[in-house]
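This report walks through one protein model, moving from two individual residues to the way strands and helices are arranged. Please keep the sequence and the structure in view while reading.

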Amino acid sequence: MTRRQLIAAIAACGLTMAALVTAGLAVSRGAGAATGSAVDNRPTAIVSLGDSAISGEGAGSYAAGTDGPDDYCHRSAAAMIHETGVAVDKTVNLACSGATAENLQIGGPSHYTETSQASQLAPIAERYHVKMLVVQVGANDDPDFSDVITDCILAWVNPLGKSCQDKDGAAWSQRTQAMIPKVEKAISDLRAVMRDAGYADSGYQFVLLSYASPVTGDMDAAHAVEGCPLRKSDADWGRNTAVPQLSSALAQAASAENVRFLSLASATAGHEACNTSGSAAWENGIKIELSDLPNGLTTHLVQQSFHPDAQGHHEFGGCLGEFYAMTARTGSCVAGPGGELHARSG
């Protein structure tokens with residue numbers, strides 16, 4: 001072998017070794033699993049991100065450090081991400097009560113002392129082979145759904161004043177439309193975090209959820225005492241107009257960002273707070289947390305109100321698990337013959 005041939009052989013060997021090392025690093029960061037080019041031996045996981053509706057607010061059994069006095073993310077052991085039945089090694093709940101779409105974005109502001117959910121996702125995506133991201137966010141942005149509920153309660157207190165439908169209804173469509181680009185940015189940033197961790201977009205499921213209606217106009221005469229001090233007409237507007245329009249706007253965001261979409265707009269039909277259907281409610285009415293009183297934390301006294309309870313999260317989680325097993329890009333959660341929720345495509 002000539003000197004030139006020897007140098008060429010050494011160079012070729014070096015390039016081969018470099019390629020092998022690069023491939024090994026890619027697999028260790030998850031790229032191999034995401035693209036299907038190698039086996040990923042990391043433990044599997046599904047991850048939820050978003051606001052109170054998915055963190056488990058209202059379901060109780062909150063994780064240590066998320067039930068005050070500094071952090072009120074209220075991540076529940078009963079939250080829907082833990083109820084899907086999807087066969088993974090770990091279910092991870094990064095959602096936080098009160099979060100906006102900005103709190104999910106890269107470099108987004110801290111919330112209850114916690115960094116943005118995008119930054120929290122990064123090490124999870126490295127450590128685990130993430131099979132699904134589930135996001136539920138947007139209601140705390142321009143729609144400001146909790147303030148609408150407050151307006152509805154104030155309207156009941158003052159029967160001679162404007163209804164919340166009159167106060168919030170005229171601009172509701174514009175407010176839900178203004179929310180869309182913020183949710184799209186959150187989705188885009190979470191995609192970027194996953195790509196940075198080596199995942200192809202097709203290497204995991206990304207599901208955006210809409211919201212379920214906590215109330216209905218189908219309430220009996222004692223509904224205020226039962227925890228739903230709302231005018232029936234306002235509750236009907238929320239159930240039949242406000243929640244469906246919010247869901248439609250979120251569907252637009254999901255389509256624009258090419259992620260899956262699961263609607264919960266009709267999920268609580270007959271199971272809303274204070275309903276007269278005779279079926280168990282899956283949503284709380286006004287729920288007061290008296291344990292906050294000694295600490296003077298009055299702002300959190302009713303934080304759990306008008307959120308799904310543990311049974312609601314169980315039902316939503318089961319529907320989400322069924323949707324995970326489907327190939328349809330869009331779906332909805334609807335009641336089956338026995339009253340339990342099931343996923344339906346389209």
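The model is a predicted one, and a good place to begin is Asp309, whose surroundings can be described step by step. Outside the residues up to four places away in sequence, Asp309 touches Gly58, Ala59, Ala281, Trp282, Glu283 and Asn284. One of these, Ala281, is 28 residues apart from Asp309 along the chain, and the C-alpha atoms of the two are separated by 8.4 Å. As for its place in the chain, Asp309 sits in the loop that runs between strand 5 (260-263) and helix 8 (310-324).

Is Asp309 buried or exposed? Asp309 has a relative accessible area of 18%, and because buried means under 20%, this residue counts as buried.

A second aspartate, Asp40, can be read in a similar way. Asp40 belongs to the loop between helix 2 (31-35) and strand 1 (44-50), and its relative accessibility of 15% places it among the buried residues.

The side chains of both aspartates take part in polar contacts, which are set out here.

| Side chain | Partner | Distance |
|---|---|---|
| Asp309 | backbone nitrogen of Gln311 | 3.1 Å |
| Asp309 | backbone nitrogen of Gly312 | 2.8 Å |
| Asp40 | side chain of Arg42 | 2.6 Å |

From these residues we can turn to the sheet. It is an open sheet formed by 7 strands, which follow one another in the order 2-1-3-4-5-6-7, with mixed pairing. At its edges are strand 2 (90-93) and strand 7 (341-345), each of which pairs on one side only. When direction is ignored, neighbouring strands of this sheet are turned against each other by 25° on average.

Which residue of strand 4 is the bridge partner of Leu133? The partner is Phe206, and the two strands concerned, strand 3 (residues 129-136) and strand 4 (residues 205-209), run parallel and are joined by 4 bridges.

Helices also lie against these strands. Helix 8 packs on the sheet, where it touches strand 3, strand 4, strand 5, strand 6 (330-335) and strand 7, and its direction makes about 35° with that of strand 7. Helix 4 (residues 117-127), for its part, lies across strand 1, strand 2 and strand 3, and it runs at about 175° to strand 1.

Returning to the starting point, the loop that holds Asp309 leads from strand 5 to helix 8, and helix 8 in turn has strand 5 among the strands that it touches.

Notes:
Residues are numbered from 1 along each chain as its sequence is written. This is a predicted model: local features need pLDDT of at least 70, side-chain atom pairs count only at pLDDT 80 or more; totals for chains, interfaces and linings use all residues. Side-chain values use heavy atoms; hydrogens and water are left out. Buried means under 20% relative accessible area, exposed over 50%, partly exposed in between (1.4 Å probe, protein chains only). Contact means heavy atoms within 4.5 Å. A polar contact is a pair of N or O atoms within 3.5 Å; within protein, one must be able to donate a hydrogen and the other to accept it, and residues adjacent in sequence count only if both atoms are side-chain atoms. Two strands pair if DSSP finds at least two bridges between them. Axes are lines fitted to C-alpha atoms, for helices over the stretch in contact, and angles run from 0 to 180 degrees between N-to-C directions.
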